[in-house]
Amino acid sequence: MVRLLSRQVPVVLLALGAAACNRAPTPGLARGEALFDTCVPCHGADGAGNQTLAAPSIAGLPRWYVQAQLEKFQVGHRGGTAFDTTGIRMKSMSRTLDLEGDLGSVAEYVASLVPTAPASTLEGGDAQAGQATYQVCAACHGPDGKGN
């Protein structure tokens, strides 16, 4: 009987160790914050964005919106054309969120960030012409630019 137990103990310990290694991280705000570290180089620690890198401010965007955009990058609906170098970068980054719950966790964390108003970079311009042109954009972005 002792020999039988001595053979079973290592097998049980090995199985427990393997189960611990294969445990998926718990989705949620803490997981999203940890994953957001890969977003910081472009979007900043506060999610305010970086104009030089064409990385928009994402802080405070609705969770559903962030998750939908990340899903679109993952499947190639965004970042799928050769001239969209920013989108291609995001497409690659989104694919690192490959564990179940990662997209939702990052989206939850981004939504929890305090929105920032980026400094205006416009000088001059024609507001009336811009308003007329924006009508095309408003179909997705809404009349106030906040999305729909």
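The paragraphs below lead through the fold, the surface and the cysteines of this structure.

The model is a predicted one. Its chain contains seven helices and zero strands. Read from the N terminus on, the elements therefore follow the order α-α-α-α-α-α-α.

The contacts and the surface may be considered next. Among contacts in the chain between residues at least 6 apart in sequence, those that join residues at least 24 apart make up 53%. How many of the 148 residues count as buried? The share of the chain that counts as buried is 20%. The accessible surface of the chain amounts to about 10400 Å², and carbon and sulfur atoms account for 62% of that surface.

The cysteines call for a closer look. Across the whole structure, a search finds zero disulfides. Cys-39 takes part in none, and the nearest cysteine sulfur, which belongs to Cys-42, is 8.6 Å away. A disulfide requires two cysteine sulfur atoms within 2.5 Å, so this distance rules out a bond between Cys-39 and Cys-42. Because its relative accessibility is 21%, Cys-39 counts as partly exposed; the buried class requires a value under 20%.

A second cysteine can be examined in the same manner. Why does Cys-137 form no bond with Cys-140? The sulfur of Cys-137 has its closest cysteine sulfur in Cys-140, at 8.9 Å, and this is too far for a bond. Cys-137 has a relative accessibility of 34%, and therefore counts as partly exposed.

Key:
Residues are numbered from 1 along each chain as its sequence is written. This is a predicted model: local features need pLDDT of at least 70, side-chain atom pairs count only at pLDDT 80 or more; totals for chains, interfaces and linings use all residues. Side-chain values use heavy atoms; hydrogens and water are left out. Buried means under 20% relative accessible area, exposed over 50%, partly exposed in between (1.4 Å probe, protein chains only). Helices (H or I, at least four residues) and strands (E, at least two) are DSSP runs, numbered from the N terminus. Contact means heavy atoms within 4.5 Å. Accessible areas come from the Shrake-Rupley method with a 1.4 Å probe; for residues, only the protein chains shown count as cover.
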